[in-house]
Amino acid sequence: MSTDQQPRPRKSLILNAFVEMCSGHQSPGLWTHPSDESHLFNDIDHWTSLAQLLEAAKFHGIFIADVLGGYDVYKGPRNLSPAISSGAQWPVNEPLAVVPAMAAVTKNIGFGVTVSTTYEQPYHLARRLSTVDHLTKGRYVVTGYLDSAARNLLGTEQPQHDDRYALAEEYIKVTYKLWESSWRSDAVVLDKERRIYTEPSRVREINHAGKFFNVPGPHLCQPSPQRTPVILQAGTSKAGKTFAAQHAEAIFVAGHSPSVVAKSVKEIRELAASEYGRDPASIKFLALLCPVLGKTEEEAREKFAYYRSLGSIDGALALFGGWTGIDLDVYGDDEELRSVPSNAIRSAVEGWSKATPEVPRWTKKTVGEHITVGGLGSTPVGTAAQVADVMERWVAEADVDGFNLAYAIKPGSFQDIIDLLLPELRKRGLFHEDYAVDRGTYRENLYGEAGQSGPRADHPAAKYRWHAGVEEHVIPE
């Protein structure tokens, strides 16, 4: 057997809980389920209890998504009513605020949030993220796309897609300079005899002058445990792939079947190696998955049918409009979407048809029903063994490294994962028994390598680091 035909080594999966500071998140309308507690998102105890539950199960992390505006495309333009009435990611709170509270009651699980490079200056954001990295002891990862956010924050529509990535490219280099180059690792000396807290010669301005930003510095925060937090990326456009291949340490992908994302995974890994000299295996791909589990297949299917009955079609189509920019309200209730003029809709429907051949006709109602449980990700329904088979297929066919596990109801869906799915994954050698590095940083547990608290040597941020004892370190451009 040739080298390229040999089976890939079995992967121990990376598992994150995927949530948002709102009710429902990926499953609009399911806040009406009698056991759902997602509407308690304003209560800090809700989040600390969730963190403790997931850490006891050895989840790698909790990723809190965020949006900076409402889903206002469906029945638009700029119509928020469907999202507001159904609770489709509305209302939604700022996620960074709750992370230190969760970190205070745990010691190993990591935390991630969505931040926007479009609407906040890098100098300010770098400080906020360094602060959280200190408070969580390095258990922190970071990764707006809605026009409604741009209107509120910029007073205009969003910048063009590729322009946002050009801005993000300069933005991330500014943050690398602030996090890695502004302070030498041994700058803080706390020398009581000499009465010197920090050696002034070991702190410097970065004097960044670019197209989008002019940031003299220096960074306000001393080096945190990771300095640069783990960089996550969501988005697989051409510009997004280029950005991810260079900077991402983990990438979120979503699709109803592995074939939808397999090409993007392969292209990004190849680009990372050929253009940026990175180890392609160091980029971890996490697929969106919302499993609906039962002790029997019949129990799981009954549970799924009940979830579907509670889902909000209007809420689902509001989310779809925000995710795609497409208002399905312009089509008739019974209009077959395979034959509409929009290539984007036909392409999406074709993908769903392959993954769900049992749906005879795709209308806006069936699209809405499809999204009500799990959003645009895969929603396997069945026993733990059946769901584990699906996960193994994703790894084999799409080469993903793990999953962002969304919920239908909270915490019930996570409790099912803990009680039913994790024992099956462990039996197959697909999930760890414990954290690789006790009280380690998120990056150490992501890679399973003690001491890897900062970016790996082949990551572009690594060349920015001003190490202890180094007198002359030139800040890269």
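**Exercise 1. Determine how exposed Arg-338 is, and which residue its side chain meets in a salt bridge.**

Step 1. Arg-338 has a relative accessibility of 35%, and the classes are set as buried under 20% relative accessible area, exposed over 50% and partly exposed in between, with a 1.4 Å probe and protein chains only. Arg-338 therefore counts as partly exposed.

Step 2. A salt bridge requires a side-chain nitrogen of Lys or Arg within 4 Å of a carboxyl oxygen of Asp or Glu. The side chain of Arg-338 meets that of Glu-336 in such a bridge, at 3.8 Å from N to O, and Glu-336 is buried, with a relative accessible area of 17%.

Step 3. The basis of these values should be kept in mind: this is a predicted model, in which local features need pLDDT of at least 70 and side-chain atom pairs count only at pLDDT 80 or more, whereas totals for chains, interfaces and linings use all residues. Residues are numbered from 1 along each chain as its sequence is written, and side-chain values use heavy atoms, with hydrogens and water left out.

**Exercise 2. Find the salt-bridge partner of Glu-471, and state where in the chain the two residues lie.**

Step 1. Glu-471 pairs with Arg-184, and the closest N and O atoms of this salt bridge are 3.4 Å apart.

Step 2. This pair links distant parts of the chain, 287 residues apart: Glu-471 belongs to the segment after helix H15 (442-447), while Arg-184 sits in the loop between helix H6 (161-181) and strand S5 (188-191). Helices (H or I, at least four residues) and strands (E, at least two) are DSSP runs, numbered from the N terminus.

Step 3. The two partners fall into opposite classes, since Glu-471 is exposed at 60% relative accessible area and Arg-184 is buried at 4%.

Step 4. Among the other salt bridges, Asp-434 is joined to Lys-58 with the closest N and O atoms 3.3 Å apart, and Asp-434 is partly exposed at 43% relative accessibility. A network of salt bridges links Asp-389, Glu-392, Glu-424, Lys-427 and Arg-428, and the count for the protein comes to 35 salt bridges.

**Exercise 3. Decide how many disulfides the protein has, using Cys-22 and Cys-290.**

Step 1. The criterion is a pair of cysteine sulfur atoms within 2.5 Å.

Step 2. For Cys-22, the closest cysteine sulfur is that of Cys-290, at 13 Å, which is too far for a bond. Cys-290 is likewise in no disulfide, the nearest cysteine sulfur being that of Cys-22.

Step 3. The count is zero disulfides. Both cysteines are buried, Cys-22 with a relative accessible area of 0% and Cys-290 with 1%.

**Exercise 4. Locate the cis peptide bonds at Pro-218 and Pro-411, and the positive phi values at Arg-78 and Gln-89.**

Step 1. As background, most residues other than glycine have a negative phi, and most peptide bonds are trans.

Step 2. Gly-217 and Pro-218 are joined by a cis peptide bond with omega about 0°, and Pro-218 lies in the loop between strand S8 (214-215) and strand S9 (230-234). Another cis bond connects Lys-410 to Pro-411, with omega about 5°, and Pro-411 is placed in the loop between strand S14 (402-405) and helix H14 (412-427).

Step 3. Arg-78 has a positive phi near 55°; this residue is in the loop between strand S2 (61-65) and helix H2 (81-86), and counts as exposed at 59% relative accessibility. Gln-89, with a positive phi of about 50°, occupies the loop between H2 and helix H3 (99-104) and is buried, with a relative accessible area of 3%.

**Exercise 5. Compare the radius of gyration of the protein with that of a compact globule, and describe its overall dimensions and burial.**

Step 1. The radius of gyration is taken over C-alpha atoms, and the globule rule is 2.2 Å times the number of residues to the power 0.38. For 477 residues a compact globule would have a value near 23 Å, and the protein has 23 Å, which agrees.

Step 2. Along the principal axes, the C-alpha atoms fill a box of roughly 75 × 55 × 50 Å, and the protein contains 15 helices and 14 strands.

Step 3. Buried residues make up 57% of the 477 residues.
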